[in-house]
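Let us take a friendly walk through this structure. Have the sequence and the 3D view at hand as you read.

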Amino acid sequence: MRLIDHAKVVNNMKPRILKNIFFKGVFFAATMFGLLVLGILLYRILTQGIGYLDLQFLQSLPSRKPEMAGVKTALIGTIWLMVVVAPVSLLLGVGTAIYLEEYARKNQFTNFIQINISNLAGVPSIVFGLLGLTVFVRALALGTSVLAAGLTMSLLVLPIIIVASQEAIRSVPNDLRQASFGMGATKWQTILRVVMPAAIPGILTGGILALSRAIGETAPLVVLGLPLFLAFLPKSVFDMFTVLPMQIYNWTGRPQEEFHALAAAGIIVLLILLIFMNSIAVFIRNKFQKRY
Amino acid sequence: MRSARRASHLAMRMKGVLTLAIQNSPKSFSVQEMIAAKKQKKGPSSSIEKIVPFLLLLTAIVSVLTTLGIVFTLIVETFTFFGRIPLQEFLTAQKWYPFSETQGSYGILPLVSGTLKVTLIAAIVAVPIGLASAIFLSEYASDRTRRIIKPILEVLAGIPTIVYGFFALTFVTPILREIIPTLEIFNALSPGIVIGIMITPMIASLSEDSMSSVPNSMREGALALGSTKFEVSLKVVLPAAVSGVVASIVLAISRAIGETMIVAVAGGSTPNLNWDITSSIQTMTAYIVQVSQGDAGYGTTIYYSIYAVGFTLFVFTLIMNLLAQFIARRFREEY
C-alpha cells in the first residue's frame, strides 16, 4: 500500500513552490528599490550640481548672482558648529554613559534616566529648536550665535552618543576591571586607564555618527532664527553664522533653475563632508576595535 | 604553655625569614605599614574618587533637564497662547489663518490633517517595502548579501533631510506632475512618498533585527513539516517577531510625523482641512518653520502659536514612542 499519493503531492506543492519563487522576487525587488532610489538620488544631484562645483564655489561668499555664489560662509559655519558640538556632546554623553554603566545602582532613578534618554531620542528635532530658542537664544541671551546653535545641537545628538558609549563600555569584559582592582587600582583609575582605552573606538564611532547627524540637521536651526543669507564669517562663538544645510535650503527655496543647481552643488559638498566623516568612523571601528 | 612557646619560637623563625627576605630586596618594607599608610593618606586620588561620581551624575542629569526643559518651555508658552486664544477654538476651529489681523483663526485641525495626509502616504510607501526588504534580508539573502545591502540601506537613513526635500521638489514632483497633470507644484503626495523612502530603511533594519533573533530551530521545524520558505517567513517568523516589527513601524511613523524639511520644501504653506493630496498643504512642522523664517516679533500671538503647535506635535510623537516601547515590551515572545 502506498501511503503517499505522488500526484496529489505534486498538485499541492507546485503552486506553493511557485508562490515561494514569486514572492522571493517581490521581496528582492523591494530591497533593490531602496538601492535604486539611492542611486537615482545621488546621480541626479551629481549631474545637477557638478557644473557649479569648483574651487571658486568653495571660496566665494553667497551672492544674488548664481555664477558668483559660493558656500564659504556656510562651510566655515558648519566647521564652527562642529567645534562647539563635538566637545560639549562628547563630554556630556560619555559622562552620562560612564555614570549609568559604572556607578549607578540599579534603582528607580537609574531606570528613569534610561527611559528618559530613549524618549529624548524620539523627540522631533524641530522641538529641540523651540527649546533652544527659548533657553539659549532668549533666556541666556546668546542670540543666533554659534554657541546657542551648538548647545542646541549637542542636546539633540546627546541620546545617540549616550547609547553608543553605553554599548562600548558594556562590551568591555569584567575580567579587565577585576584585574585592575586586583592590582590595587581605585575605581576611577580603573575606568580611566582600563575601561576607557578599551571602549574608546566604540565611543568615537558613535560620536562621529552623532556629529554627522548634527551637521546635516536643518530644522532646529531654522527655528533658532539662523540667517539664510550671510556675507561675513564668524570670528568667535558669540557671532552670527550660517551652515551648509541652511544655505542649501535657501537656494532650494528659490524658483530659478540656477539656484537649484547651486543647491545641488552645496549638497555635494555636504555629502562629501558626511562621507569623509563616516569613513573615519568605519576606519576607527575596523582598526581599533578589539574583540574580547 | 609548651605549645605557646613553640608558637612564639615559630613566629621568631618566620620573622627571621621575613627580615632575611626584606634585607635581600633592594628596598625594605612592611606590608602592614603600607596598608596603614595607604589608609591614612588623604591625597588627591581619594578625593577624586568621591568627586568623580558626583560630576558624572551631574552630566547624567543634563539629559533629564533637557526633557524637563522641553516640557516646561512648551507648557509655559502654550499657556500664554491659550490666554489669548481659547482652547476650544484651537481644538475645534476649521481654519488656520494666523496671519490675518482682523479675522485670524487658530484651529489646529488643518495642520493636523496636513501632517496626517503626509504620514499616511509615507506609511503606505514604507510599510510594504520595508517589511519586504526585512523578510528578504532575514530569510532569503545569504550572509554575504546581507552584509553588503544592509549598510547601503542604512546610508539612505543617514542622508540629511534637506537633501530629501530637494529631491522631492526637483525630481519627484516633476515626475508626478507628468502622471497627474492636476498636481500642484506644492502638494502632499510628493513629500509623502519621499518621507516614505526616508523611513523605509528604519523599518527594514529594525524589523530585520527582530526577525533574525527568531531562533533557527523554529524555521527548521516548519521546513521539516514541508513548508516553503515563503510559508515559514509569513506563518512562523513574522508572527514570532511581531512585537519588534510593529514597534519599528510605530517608531518610523513617529519619525514621519516629526519630519520637517521635506514638507517645508515640497509641501507648501496653505493649511486646508480636507483629504486632497494633490493640492498644497501645511503640516505642523512646516508651520513652525514658516513662522520662524518670517519676522513674527517676540511676544505676538503668532510667536506663541508655534509653541502651541510644537506642543501638539510633541504629544503626538510622545504617544507614538511610548506605544512602540509598550508593544516591544508587552508582546515580546522570549525564546
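**A pocket and an interface**

Our starting point is helix 7 of chain B, which gives 5 residues to the lining of the second largest pocket, the largest share. Keep in mind along the way that this is a predicted model.

How much space lies in this second largest pocket? It is about 570 Å³. The lining is made up of 28 residues, and those closest to the centre of the pocket are Thr252(A) and Gly253(A) together with Leu169(B), Phe186(B) and Val265(B). Several elements give two or more residues to this lining: from chain A, helix 1 (6-49), helix 10 (244-252) and helix 11 (257-288), and from chain B, helix 7 (161-179), helix 12 (261-266) and helix 13 (284-293). Sorted by class, the lining residues are 13 polar, 11 nonpolar and 4 charged.

Now let us turn to the contact between the two chains. The size of an interface is often given as the accessible area lost when the parts come together. Here, chain A and chain B bury about 6300 Å² between them, and carbon and sulfur atoms give 77% of that area. On the side of chain A, 10% of the area buried against chain B is supplied by Phe27(A), Leu130(A) and Tyr249(A), more than by any other three residues. In terms of residues, 74 from chain A and 71 from chain B take part in the contact.

What of the polar links across this contact? Between chain A and chain B there are 15 residue pairs in polar contact, with both residues at pLDDT 80 or more. Helix 1 of chain A gives 22 residues to the side of chain A that touches chain B, which is the largest share. That side of chain A has 51 nonpolar, 17 polar and 6 charged residues.

Side chains of opposite charge can pair when their charged atoms come close. Over all chains, the structure holds 10 salt bridges. The pair that crosses between chains runs from Glu231(B), in helix 10 (residues 229-240) of chain B, to Arg16(A), in helix 1 of chain A. In this salt bridge, the closest N and O atoms of Glu231(B) and Arg16(A) are 2.7 Å apart. The count between chain A and chain B is 1 salt bridge.

Key: Residues are numbered from 1 along each chain as its sequence is written. Chains are lettered from A and ligands numbered from 1 in the order in which they are written. This is a predicted model: local features need pLDDT of at least 70, side-chain atom pairs count only at pLDDT 80 or more; totals for chains, interfaces and linings use all residues. Side-chain values use heavy atoms; hydrogens and water are left out. On a 1 Å grid over the protein atoms alone, a cavity is a set of points where a 1.4 Å probe fits but cannot get out, and a pocket is an open set with protein on both sides within 12 Å along at least five of seven lines; lining residues have an atom within 4 Å of a point. Grid points are joined across faces, edges and corners, and a volume is the space filled by probe spheres set on the points. Helices (H or I, at least four residues) and strands (E, at least two) are DSSP runs, numbered from the N terminus. Ala, Val, Leu, Ile, Met, Phe, Trp, Tyr, Cys and Pro count as nonpolar, Asp, Glu, Lys and Arg as charged, and the others, Gly among them, as polar. Contact means heavy atoms within 4.5 Å. Buried area is the accessible area (1.4 Å probe) that two parts lose on being put together, summed over both. A salt bridge is a side-chain nitrogen of Lys or Arg within 4 Å of a carboxyl oxygen of Asp or Glu. A polar contact is a pair of N or O atoms within 3.5 Å; within protein, one must be able to donate a hydrogen and the other to accept it, and residues adjacent in sequence count only if both atoms are side-chain atoms.
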